[in-house]
Amino acid sequence: MEVMMLPSLALGLSKVLTLAYIDVCHQVAEIFLSSYPLLEQLSIRNSRVLEHLIIGPSLKLKHLEIYRCRIDYLEICNANLISFSFKGTKQTNLSLKNVSSVVNLQIEIYRESLPILIDLIATKFSEVEKLSLEVSCDQLRALDFHHSFPKFNNLKWLILSVVDCTLLEVTPLLQASPYLQMFDIKIDWSDTRIYGGTILPLPRRHLKVVRYEGYLGGTADEELINYLVKKSLALEKCIVSLCDQSYSKVERKARSQAWRQLQGKFSKGVELVIL
């Protein structure tokens, strides 16, 4: 059933609007946008009937999120967005024109070719400083590990969410980020015995903080953390977050392995935090 909500005049001065789990069609979305002249932050989540949306220069929007909506066409043209978050499928036609003002980008496009996705980011969001990227193991493994992505010379913070990957598979992304200062990797493991083999050189002069979520103490865990730590000359802090498990026995084992594997392997002055 489609639920329609019309804005009241009393709320017309609001700067933040979230429409979650409501089947908002594009006509209703346009009514909201025209009725909230001061709107700076818009989030539309899980709408099955949005179909299309146009964000233009007349709006004051700074932050836009489109999350798991059924949308065929999304146009952003000459908008002064600071952050943009999109989670959807490659069936959505993204028409992006002059969106270089975006410095905070979060994106996941289900089943899209990773080189195509990275090329989209590099060409349309050239000034991005913080990038949150969710990719599948199939997207990563379809890459030739010698693949060269366009450079993200402004990128300071990369947040990568993946399933069952090795360092070999994420190095092309790191190679494309020569001035990276913070790297967060979130891995959902089904097999931590995976080993990556030959690894490409990594940018290491600027990386200061590494955060690893999903640590279980397997071979692939140790491989990835050790390499990042040893090859990052400017590293100041390494944060290891254990795999989210409901069984305390698994948690205790992972914590014990983390301490045993990682203590003593850091240069003097590098802070190790295990959560």
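Q: What makes the 11 strands one open sheet, and in what order do they stand?
A: In this predicted model, the strands follow each other as β1-β2-β4-β6-β8-β9-β10-β11-β12-β13-β14, with parallel pairing. Two strands count as paired if there are at least two bridges between them. The sheet is open, and β1 (16-20) and β14 (271-274) each have a single partner strand, so one side of each is left without a neighbour in the sheet. On average, neighbouring strands are turned by 10° against each other, direction ignored.

Q: How do you know that strand β4 is paired with strand β6?
A: Pairing asks for at least two bridges, and 5 bridges join β4 (residues 63-67) to β6 (residues 83-89). The two strands run parallel. Within this pair, L64 stands opposite F84.

Q: What makes β13 and β14 a pair?
A: The requirement is at least two bridges, and β13 (residues 237-242) and β14 have 4 bridges in the parallel sense. C238 has L272 of β14 as its bridge partner.

Q: Why are the side chains along β14 said to alternate?
A: L272 and I274 point to one face and are buried, while E271 and V273 point to the other and are not. Buried means under 20% relative accessible area, so L272 and I274 fall below that limit and E271 and V273 do not.

Q: Why is F84 called buried or exposed?
A: The limit for a buried residue is under 20% relative accessible area. F84 has 2% relative accessibility, so F84 counts as buried. This residue is found in strand β6.

Q: What surrounds F84, leaving aside its neighbours within four places in sequence?
A: F84 is in contact with L64, L74, I76, V102, N104, L105, Q106 and F125. A contact requires heavy atoms within 4.5 Å. One of these residues, F125, is 41 residues from F84 in sequence. In space the two are 10.0 Å apart, C-alpha to C-alpha. The contact is judged on heavy atoms, so the C-alpha distance does not contradict it.

Q: Which residues have the most contacts inside the largest nonpolar core, and what makes it a core?
A: I76, I121 and L133 have the most contacts inside this core of 78 residues. A nonpolar core is a set of buried residues of the nonpolar kinds, joined through side-chain atoms within 4.5 Å. Helix α2 (residues 114-124) gives the most to the core, with 6 residues.

Q: Which residues is I76 in contact with, leaving aside its neighbours within four places in sequence?
A: The list is I55, L64, L81, F84, S95, L96, K97 and V99.

Q: Where does helix α2 lie?
A: Helix α2 lies across β8 (104-110) and β9 (130-134). Its direction is at about 155° to β8.

Q: Why are the buried residues of helix α1 said to line one face?
A: In α1 (residues 26-35) the buried residues are H26, V28, A29, F32 and L33. Seen down the axis of α1, they fall within an arc of 160°, so they line one face of the helix. Their cover includes β1, β2 (41-45) and β3 (51-55).

Q: What makes β3 and β7 the edges of the sheet of 3 strands?
A: This open sheet has the order β3-β5-β7 with parallel pairing. β3 and β7 (93-97) each have a single partner strand, so one side of each lacks a neighbour in the sheet. The twist averages 5° from one strand to the next.

Q: How do you know that β3 and β5 are paired?
A: At least two bridges are needed, and 5 bridges join β3 to β5 (residues 71-77). The bridge partner of H52 in β5 is Y73.

Q: Why is E51 called partly exposed?
A: Buried ends at 20% and exposed begins over 50%, with partly exposed in between. E51 has 41% relative accessibility, so E51 counts as partly exposed. This residue lies in strand β3.

Q: What makes the phi values of E51 and N98 worth a remark?
A: Most residues other than glycine have a negative phi. Phi of E51 is near 65°, a positive value, and phi of N98 is near 55°, also positive. N98 is found in the loop between β7 and β8.

Note on methods
Residues are numbered from 1 along each chain as its sequence is written. This is a predicted model: local features need pLDDT of at least 70, side-chain atom pairs count only at pLDDT 80 or more; totals for chains, interfaces and linings use all residues. Side-chain values use heavy atoms; hydrogens and water are left out. Buried means under 20% relative accessible area, exposed over 50%, partly exposed in between (1.4 Å probe, protein chains only). Axes are lines fitted to C-alpha atoms, for helices over the stretch in contact, and angles run from 0 to 180 degrees between N-to-C directions. The arc is that of the directions from the helix axis to the C-beta atoms.
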